[in-house]
Amino acid sequence: MSRSVLTLLASLLAATTAHAQDMRSISGEALIRERMALPDDAELVVEARGFRNALLATESAEANGQQVPWPFTLAIPAGVEANLSAAIRIDGANRWVSAPAAIAAGSDDIDLGEIMLTADTPAAFKSVYRCGDTRLEAGFQGEEAVIETDDRIYRLAPAISADGAKYQSDDGDNMFWSKGDNALVTLDGKALPECIGVPAGADKQWTAQGNEPGWRAVIAGDRITLDMNYGEDRLDLRLPEPEVVDGAYRYGFDQYALAFSVRAGMCQDDMSGRLFPQSVELKTATGTLTGCGGDTFDLLTGPEWSVDAIDGSALDDAADRPSFAISDEGQIFGATGCNRFTGAFSVNGEGGIAIGPLATTRMACGDAAMKQERSFLEALGASEGFGFGPDGALVLTSGTETLVEASR
């Protein structure tokens with residue numbers, strides 16, 4: 001560690017005392033399609049997770065005669081985004097699970113209404129584990145467990161176990177033994193440190209950066225790397241559990257008296273102009289470093305956008321409006337009001353965008369629909385930037401000209 005970092009750490013202020021956090025109520029009803037009576041020991045488990053899958057709240061209850069729709073209520077911190085999931089468990093195993101329900105940041109109580117749960121098929125998913133410095137994925141094909149590391153794939157047969165699900169090779173040199181959310185793993189005769197299950201999405205690298213002076217933060221797995229003073233100084237720290245303080249996720253590093261906070265909300269880099277989904281703060285004794293974090297694509301992906309105007313002309317409510325969605329992999333796809341289309345979508349370092357080339361189906365429609373299609377596809381292809389209106393509408397632009405306006 002450099003002398004400047006040691007000097008900085010020696011002079012850091014004590015961490016700020018956390019303030020009380022306001023809460024909001026999230027309610028709904030769990031529902032399944034199957035017509036069957038739930039046993040008394042069936043259990044409904046509902047949880048809400050936020051940034052990097054941080055657990056915000058969880059509630060569970062036994063049926064004791066309760067049938068679906070099964071109401072639930074839990075409280076989460078105000079001001080943060082969340083994903084809510086529900087599961088009905090029987091004999092300790094998930095029988096029905098829901099897709100995550102997105103909850104926008106805010107302070108008002110929310111009633112989600114009916115949350116549909118579908119039959120759980122765990123073999124259809126891969127689980128990610130961190131075993132010390134080793135990352136691996138565990139999936140299933142037929143009766144075999146398939147364990148994948150960066151270097152090799154292992155196929156293991158089921159083995160007898162009185163506790164958890166155990167799989168191993170004939171020679172015993174390779175073993176995967178599931179223990180709830182964690183696992184014991186031996187590969188090539190070497191036992192790995194206990195493997196910790198990584199929630200979906202939490203294994204993805206997350207970055208943030210700021211300017212004057214230039215700094216950068218990278219969160220990967222359970223560690224955060226801080227590069228400060230334009231990369232001259234670096235700290236590599238284990239990431240603690242966050243606390244929610246005034247609507248932000250705060251990571252306190254007591255041994256260094258550092259505090260790193262992440263808040264949901266659109267942030268514009270003050271040098272490049274690029275938009276990001278989160279704002280960040282790094283508090284030190286010399287002041288507060290601010291910046292932006294997350295993936296710009298997170299502002300654009302998700303539910304489809306419905307087009308409201310093209311080249312400044314509002315679309316007729318009675319017309320078949322174009323719509324489109326953008327994927328994490330950099331694809332745009334949707335409908336023109338006549339044909340389906342697909343193409344590439346990219347964001348450059350300054351936040352500019354490029355769309356195309358675009359390919360469409362070849363169905364013929366009426367003159368008005370074909371004219372709308374041509375205008376829409378030309379507007380998409382000419383788009384060079386994007387922003388958002390006060391009401392959250394997406395605006396695609398070229399210079400100062402607005403080409404497409406769309407809403408959800």
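**Entry 1: a term to begin with.** Two strands count as paired if DSSP finds at least two bridges between them. I keep that in mind while I browse this predicted model.

**Entry 2: a run of hairpins.** I started at strand S29, residues 323–326, which 4 bridges join to strand S30, residues 331–335. These two strands run antiparallel, and Ser 323 stands opposite Ala 335 in S30. S29 and S30 make a hairpin with 4 residues between them. In its turn I found Gly 330, with a positive phi of about 85°.

I then followed S30 onward to strand S31, residues 340–347; 5 bridges join this antiparallel pair. Here Gly 334 stands opposite Phe 341 in S31. S30 and S31 form a hairpin too, with 4 residues between them. Gly 337 sits in that turn and has a positive phi of about 100°.

**Entry 3: how sure is the predictor?** I looked up the confidence next. The chain averages a pLDDT of 89, and 93% of the residues score at least 70. Over residues 1–19, though, the pLDDT is below 50. Beyond near neighbours in sequence, that stretch has 31 contacts in the model, and I read them with the low score in mind.

**Entry 4: the open sheet.** How many strands form the open sheet that holds S21 and S22? I found 9, in the order S21-S20-S19-S18-S26-S25-S24-S23-S22, with antiparallel pairing. Strand S21 (233–238) and strand S22 (243–245) are at the edges and have a single partner strand each, so one side of each has no neighbour in the sheet. On average, neighbouring strands here are turned by 25° against each other, direction ignored.

I looked at one edge in detail: 3 bridges join S22 to strand S23, residues 248–253, and the two run antiparallel. Val 244 stands opposite Tyr 249 in S23.

**Entry 5: Asp 227.** Staying with this sheet, I picked Asp 227 in strand S20, residues 223–228. Is Asp 227 buried or exposed? I call Asp 227 buried because its relative accessible area is 12%, and the cut-off for buried is under 20%. Its side chain and that of Arg 234 are joined by a polar contact of 2.6 Å. Leaving aside neighbours within four places in sequence, I list its contacts as Gly 214, Trp 215, Arg 216, Asp 233 and Arg 234.

**Entry 6: Asp 298, for contrast.** Asp 298 lies in the loop between strand S26 (287–293) and strand S27 (305–310). With a relative accessible area of 41%, Asp 298 is partly exposed. Not counting residues up to four places away in sequence, Asp 298 touches Pro 277 and Asp 328. I also checked a pair of C-alpha atoms: Asp 298 and Gly 132, 166 residues apart along the chain, are separated by 29 Å.

**Entry 7: the nonpolar cores.** In soluble globular proteins, nonpolar side chains tend to be buried together. Which residues touch the most other members of the largest nonpolar core? Out of its 49 residues, they are Ile 88, Ile 224 and Phe 260. Strand S5 (residues 82–90) gives this core its largest share, 5 residues.

I looked up the surroundings of Ile 88 as well. Not counting residues up to four places away in sequence, Ile 88 touches a list including Ile 32, Leu 38, Val 68, Trp 70, Trp 96 and Leu 117. Glu 43, Asn 94 and Arg 95 are also among the residues that Ile 88 touches.

Apart from the largest core lies another, of 26 residues, among them Leu 299, Ile 310, Leu 315 and Phe 376.

Definitions and conventions. Residues numbered from 1 in each chain as written. Predicted model: local features only at pLDDT ≥ 70, side-chain atom pairs only at ≥ 80, totals over all residues. Heavy atoms only, no water. Axes fitted to C-alpha atoms, helices over the stretch in contact; angles between N-to-C directions. Core = buried A, V, L, I, M, F, W, Y, C linked by side-chain atoms within 4.5 Å. Buried < 20%, exposed > 50% of the residue type's maximum accessible area, 1.4 Å probe, protein only. Contact = heavy atoms within 4.5 Å. pLDDT = per-residue confidence, 0-100. Polar contact = N/O pair within 3.5 Å; in protein donor to acceptor, adjacent residues only side chain to side chain.
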